[in-house]
Amino acid sequence: MSKRAYNFNAGPAALPLEVLERAQAEFVDYGGTGMSIMEMSHRGAVYEAVHNEAQERLLSLLGNPSGYKVLFIQGGASTQFAMIPMNFLGEGQVADYVMTGSWADKAIKEAKLIGNTQVVASSEASGYMSLPSLQDIQPSDNAAYLHLTSNETIEGTQFKSFPDTGSVPLIVDMSSDILSRPFDLNQFAMVYAGAQKNLGPSGVAVVIVREDLITDSPKHLPTMLRYNTYLKNNSLYNTPPSFGIYMINEVLKWIEEKGGLQGVEAMNRKKASLIYDAIDQSGGFYRGCVSPEFRSDMNITFRLGSEELEKEFVKASEQAGFVGLKGHRSVGGLRASVYNAIPYENCQALVEFMQNFQASHE
Ligand code: PMP
């Protein structure tokens, strides 16, 4: 087999090699049908079984909490930014948001296009390198919902626990850390994620929603922008992104094989600690961007002494076979995204590279 890159891309990101190989093995002939999964009708029994299995597997990994449904919706997490206020923000209500960085900002901007939106807590004062404390996240009296971003992919912060919003539905964008650790779905009215980091290829957003949240959406909403359309038709109102959903099902099987969410969390903790320790033990040569208690296990952001040195680091890393270590263009610096599928050995290789780079530049 050809050599795999040390892929630290932020998304689309590395998928488990075992999953890619399994998909490859059944690429041209799925289950003896003489067709690939993407060539068959989404109304047929073979595809529908995969579709339903992916939904069941996801809920099973989350402990089968009652009252929740899994929806598959196109348009990425960004379309969810709009659908949430379109469907849930009623007359005389306010949409509460927690402002934690680049992705929270995009969600807020979108909600503002739709209706009355308010930021109830923000970590702006720290340049988004920390997170608001849970006590400071209090929903408004007339809040339709409270929205937060569990993991800021660009800044590299991650909520380790979530606020209690009482009767106000808590909606969380988990695009960059879904299924990276166990969580109690019962805390949330809805969680959603673009698939292209921990779940599968891009092209589908996974929405896990408490069924009772979805009542009749406002009458003027187009069919494809109503959650009810997906709920009533098992996300098969129109042609779903069938290959992506098939891949999600395969990734979910892989997570089961790794010991479920506890298993992947243990791997993720080990990988992230390895890299953060290397940063912290570099005597200041590398500097972590985020306050330690808020550091993300998924997106590790760090800096070097100068932008010039950072450029040099990126160039040298690329020459050594590493991909995706340049920070997002909006914040600069460096970022290693270590989603579920990134092998521990790749993190070891990165740490070794960082140590060698330091030794030759001090
Ligand atoms: N939210 C977060 C936290 C993200 O990281 C991203 C994508 N990087 C998005 C939302 C947007 O996702 P999409 O590209 O699927 O619209």
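This passage describes the ligand site, one aromatic pair and two backbone features of a predicted model.

The ligand is surrounded by 13 residues. Those that come nearest are Ala77, Ser78, Thr153, Asp173 and Lys197. Three of these residues place a polar side-chain atom by the ligand, as follows. For Ser78, such an atom lies 2.6 Å from a ligand oxygen atom. For Thr153, the distance to an oxygen atom of the ligand is 2.4 Å. Asp173 faces another element: a polar atom of its side chain lies 2.6 Å from a nitrogen atom of the ligand. Taken alone, the ligand exposes 400 Å². The protein buries 85% of that area.

The space that the ligand takes is the second largest pocket. By class, the surrounding shell has 8 polar residues, 3 nonpolar residues and 2 charged residues. Helix α3, which spans residues 76–88, gives the most to this shell. Its share is 4 residues.

Aromatic contacts were also examined. The structure holds 21 aromatic pairs. One of them joins Phe81 and Trp103, with ring centres 6.4 Å apart. The planes of the two rings stand at 45°. Stacked pairs have planes under 30 degrees apart and edge-to-face pairs over 60, so the pair of Phe81 and Trp103 counts as tilted. Phe81 lies in helix α3, whereas Trp103 lies in helix α4 (residues 102–114). The pair therefore ties together parts that are 22 residues apart in sequence. Helix α3 thus holds Phe81 of this pair and also gives 4 residues to the shell around the ligand.

Two backbone features were found in loops. The peptide bond from Gly11 to Pro12 is cis. Its omega is near -5°. Pro12 is placed in the loop between strand β1 (6–7) and helix α1 (17–25). The second feature concerns Asn64, which is not a glycine yet has a positive phi of about 50°. Asn64 is found in the loop between helix α2 (45–61) and strand β2 (68–73). Most peptide bonds are trans, and most residues other than glycine have a negative phi. Against that background, the cis bond from Gly11 to Pro12 and the positive phi of Asn64 are noted here.

Definitions and conventions
Residues are numbered from 1 along each chain as its sequence is written. This is a predicted model: local features need pLDDT of at least 70, side-chain atom pairs count only at pLDDT 80 or more; totals for chains, interfaces and linings use all residues. Side-chain values use heavy atoms; hydrogens and water are left out. A residue is near a molecule or strand if one of its heavy atoms lies within 4 Å of it. A polar contact is a pair of N or O atoms within 3.5 Å; within protein, one must be able to donate a hydrogen and the other to accept it, and residues adjacent in sequence count only if both atoms are side-chain atoms. Accessible areas come from the Shrake-Rupley method with a 1.4 Å probe; for residues, only the protein chains shown count as cover. On a 1 Å grid over the protein atoms alone, a cavity is a set of points where a 1.4 Å probe fits but cannot get out, and a pocket is an open set with protein on both sides within 12 Å along at least five of seven lines; lining residues have an atom within 4 Å of a point. A molecule sits in a cavity or pocket if more than half of its atoms lie within 2 Å of its grid points. Ala, Val, Leu, Ile, Met, Phe, Trp, Tyr, Cys and Pro count as nonpolar, Asp, Glu, Lys and Arg as charged, and the others, Gly among them, as polar. Rings of Phe, Tyr and Trp (its six-membered ring) pair if their centres lie within 6.5 Å; planes under 30 degrees apart count as stacked, over 60 as edge-to-face and the rest as tilted.
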